[in-house]
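Work through the exercises below with the sequence and the coordinates open. Try each task before reading its solution.

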Amino acid sequence: MGKKILVTGGLGYIGSHVVVELCAAGYEPVIVDNLSNARASVLERLERLTQQSLTHYDVDIRNRAALETVLERTPCAGLIHLAAFKAVGESVEAPLKYYDNNVAGSVTLFDVFERAGGGGIVFSSSAMVYGDVKVFPLHEGMPVQPNNPYGSTKAMMEQILADLVNAPGAKTLGLSLRYFNPAGAHDSALIGEDPKDRPNNLFPIVVQVAVGQRETLTIFGDDYDTPDGTGVRDYIHVVDLAQAHVMALRELLNGGFEQRFTALNLGTGTAYSVREVVSAFEREMGQPLPQTLGARRSGDVATLLADPRAAAQAIGWTAQRDLPDMVRDTWRWAGAARQWGLWDDDDSAAAP
Ligand SMILES: NC(=O)c1ccc[n+]([C@@H]2O[C@H](COP(=O)([O-])OP(=O)(O)OC[C@H]3O[C@@H](n4cnc5c(N)ncnc54)[C@H](O)[C@@H]3O)[C@@H](O)[C@H]2O)c1
């Protein structure tokens with residue numbers, strides 16, 4: 001067996017794909033996930049996909065004693081920290097819930113990891129740390145100035161990690177990955193995005209309309225300063241994203257970075273408008289998608305586009321998958337999820 005890697009949030013949307021790629025690269029993932037936003041059946045599907053038995057601890061990252069026990073039982077060389085709450089709107093309404101889970105949780109987790117001997121920490125950050133910037137593409141040297149509580153939790157966690165690894169005698173190295181807009185699903189259709197509450201992101205909303213869970217897709221504004229007036233985003237396939245984590249971790253564990261803390265954008269460098277994404281889905285589904293024009297959503301920016309060159313240089317990673325891949329894999333996953341009854345009103349239907 002390869003090196004053990006603690007993966008917090010490993011049963012979530014992105015974390016589950018990271019687990020698959022870790023296994024494929026010969027690492028042994030140790031999953032910590034309190035199931036606050038994941039189904040237990042993800043573990044069974046991951047085992048089916050990876051053809052190996054996986055370790056999962058149903059532990060909250062704020063629970064110091066439980067985390068200590070996990071790391072005593074299964075010492076880990078690395079930590080990929082994805083566990084967090086992620087809804088921007090909810091973070092505005094319940095900021096302390098976000099600071100508690102994301103920031104306080106990370107402090108506890110990082111402390112336990114460092115005291116257990118340290119290693120490499122790869123942290124899930126977000127393009128939200130850049131805030132409402134009007135210059136594109138965004139590169140890592142730009143100021144961190146988040147404009148909502150969720151983004152602030154990510155910026156704070158980056159700072160906390162940077163300070164931890166730069167403290168005298170620290171045993172840990174840190175890397176922050178700033179995701180742009182993750183989308184798509186695994187091409188096995190065994191795992192994918194499976195929102196519990198009302199999603200805020202375009203892909204899961206389109207899926208809900210397509211499968212009849214919502215009547216129409218509301219396009220929030222078509223008067224932005226973009227080619228077709230709708231918001232433009234740098235969508236990145238979740239498998240590309242997951243592979244970047246493994247490449248980053250390998251580099252980190254080999255001590256391959258010049259600094260003890262590094263932040264890298266994860267995007268493709270190509271952005272698509274809401275209308276382009278909708279058209280791609282309509283082509284994939286062979287039918288039109290009901291849509292309505294709404295007002296701009298507060299907090300939305302016109303364009304989010306990554307400059308992905310630093311990640312290419314530092315870890316040799318570039319995205320391999322494009323928008324049609326994201327749409328095809330999302331739609332295939334939606335078909336499987338529906339077939340298993342995952343999205344039926346009665347949530348008890350058995351998943352494979
Ligand atoms: N999905 C996106 O659009 C996006 C964009 C940028 C950054 N991110 C970040 O990526 C990470 C993963 O996002 P995701 O989309 O997979 O979300 P997700 O909700 O699917 O996954 C998060 C997982 O963490 C678990 N979790 C949450 N709080 C926990 C706690 N206190 N203890 C233990 N487990 C806990 C949840 O049960 C869930 O399985 C998050 O940190 C998120 O902020 C996501």
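**Exercise 1. Work out how E9 and E14 pair, and place them in their sheet.**

Step 1. Strand E9 (residues 232-233) pairs with E14 in the parallel sense, over two bridges. Strands here are DSSP runs of E with at least two residues, and helices are runs of H or I with at least four, numbered from the N terminus. Two strands count as paired if DSSP finds at least two bridges between them.

Step 2. Find the facing residues: Val 232 stands opposite Thr 303 in E14.

Step 3. Extend to the whole sheet. Three strands form an open sheet, ordered E12-E9-E14, with mixed pairing. Strand E12 (272-273) and strand E14 (303-304) have a single partner strand each, so one side of each has no neighbour in the sheet.

**Exercise 2. Decide how far the model can be trusted.**

Step 1. Note the ground rules. This is a predicted model, in which local features need pLDDT of at least 70 and side-chain atom pairs count only at pLDDT 80 or more, while totals for chains, interfaces and linings use all residues. Residues are numbered from 1 along each chain as its sequence is written, and side-chain values use heavy atoms, leaving out hydrogens and water.

Step 2. Read the confidence. pLDDT is the predictor's confidence in each residue, from 0 to 100. Its mean over the protein chain is 95, and 98% of the residues reach 70 or more.

Step 3. Locate a weak stretch. Over residues 346-352 pLDDT stays under 50. The model has 16 contacts beyond four places in sequence for this stretch. A contact means heavy atoms within 4.5 Å.

**Exercise 3. Lay out the seven-stranded sheet and the helices packed on it.**

Step 1. Write the order: E3-E2-E1-E4-E5-E6-E11, an open sheet with parallel pairing. Strand E3 (55-57) and strand E11 (261-266) are at the edges with a single partner strand each, so one side of each lacks a neighbour in the sheet. Neighbouring strands of this sheet are turned by 20° against each other on average, direction ignored.

Step 2. Check one edge. Strand E6 (residues 173-179) runs parallel to E11, joined by six bridges. Leu 177 stands opposite Leu 264 in E11.

Step 3. Add helices. Helix H5 (residues 95-115) packs on the sheet and touches strand E1 (4-8), strand E4 (78-81) and strand E5 (120-126). Its direction makes about 170° with that of E4. Helix H6 (residues 149-166) lies across E5, E6 and E11, at about 160° to E5. Axes are lines fitted to C-alpha atoms, for helices over the stretch in contact, and angles run from 0 to 180 degrees between N-to-C directions.

**Exercise 4. Describe the surroundings of E1.**

Step 1. Four of the five residues of E1 are buried, so the strand is largely enclosed by the rest of the structure. Buried means under 20% relative accessible area, exposed over 50%, and partly exposed in between (1.4 Å probe, protein chains only).

Step 2. Five bridges join E1 to strand E2 (residues 28-32), in parallel. The bridge partner of Thr 8 in E2 is Val 32.

Step 3. E1 also pairs with E4, parallel, over four bridges. There Thr 8 stands opposite His 81.

**Exercise 5. Why do Cys 23 and Cys 76 form no bond with each other?**

Step 1. Count disulfides: zero. A disulfide is a pair of cysteine sulfur atoms within 2.5 Å.

Step 2. Check the distance. The sulfur of Cys 23 is 13 Å from the closest cysteine sulfur, in Cys 76, which is too far for a bond.

Step 3. Check burial. Cys 23 is buried at 12% relative accessible area, and Cys 76 is buried at 11%.
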